[in-house]
Amino acid sequence: MLAGCRNVKAAKAVLGDHGGDVEALKEAELWMFADTPQKQSGRTGLPNAGTATDEGKQMKRWEKLAGLTDDDE
């Protein structure tokens with residue numbers, strides 16, 4: 001999918017014929033690949049960047065946003 005394959009299921013079926021090498025498959029079956037690679041989408045299971053992962057961090061963040069911290073920043 002990241003290589004720009006139009007049909008991942010079909011590519012997996014013939015990938016073994018090319019020794020598992022995606023680049024070799026791409027050269028032999030050019031029609032199977034789009035001009036630009038597709039963007040991978042979906043969930044990774046990781047937290048979003050910049051979000052607090054525990055209650056202590058989240059509470060400190062909200063206190064800072066509300067101006068309730070003793071920091072001199």
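**Notes on a three-helix chain**

1. Start with how open this one is: of the 73 residues in the chain, buried ones make up 8%. Buried here means under 20% relative accessible area, with exposed over 50% and partly exposed in between (1.4 Å probe, protein chains only). Keep in mind that this is a predicted model, where local features need pLDDT of at least 70, side-chain atom pairs count only at pLDDT 80 or more, and totals for chains, interfaces and linings use all residues. Residues are numbered from 1 along each chain as its sequence is written, and side-chain values use heavy atoms, leaving out hydrogens and water.

2. The fold is quick to describe: three helices and zero strands, in the order α-α-α along the sequence. Helices (H or I, at least four residues) and strands (E, at least two) are DSSP runs, numbered from the N terminus.

3. Have a look at α2, residues 22-28, which includes Val 22. Val 22 is partly exposed, at 33% relative accessible area. Its C-alpha is 9.6 Å from that of Lys 12, a residue ten positions away in sequence.

4. Next comes α3, residues 55-66. Its twelve residues should span 16 Å at 1.5 Å a residue, and the end C-alpha atoms are indeed 16 Å apart; the expected span is 1.5 Å times one less than the number of residues. This helix is hardly covered, with zero buried residues among the twelve. Gly 67 follows α3 and has a positive phi, near 80 degrees.

5. Trp 62 is the residue I'd click on in α3. It is partly exposed, with a relative accessible area of 48%. The charged end of Arg 61 sits over the Trp 62 ring, 5.5 Å from its centre (the test: NZ of Lys or CZ of Arg within 6 Å of the ring centre and within 35 degrees of the ring normal).

6. What about aromatic pairs? A search of the whole structure finds zero. Rings of Phe, Tyr and Trp (its six-membered ring) would pair if their centres lay within 6.5 Å, with planes under 30 degrees apart counted as stacked, over 60 as edge-to-face and the rest as tilted.
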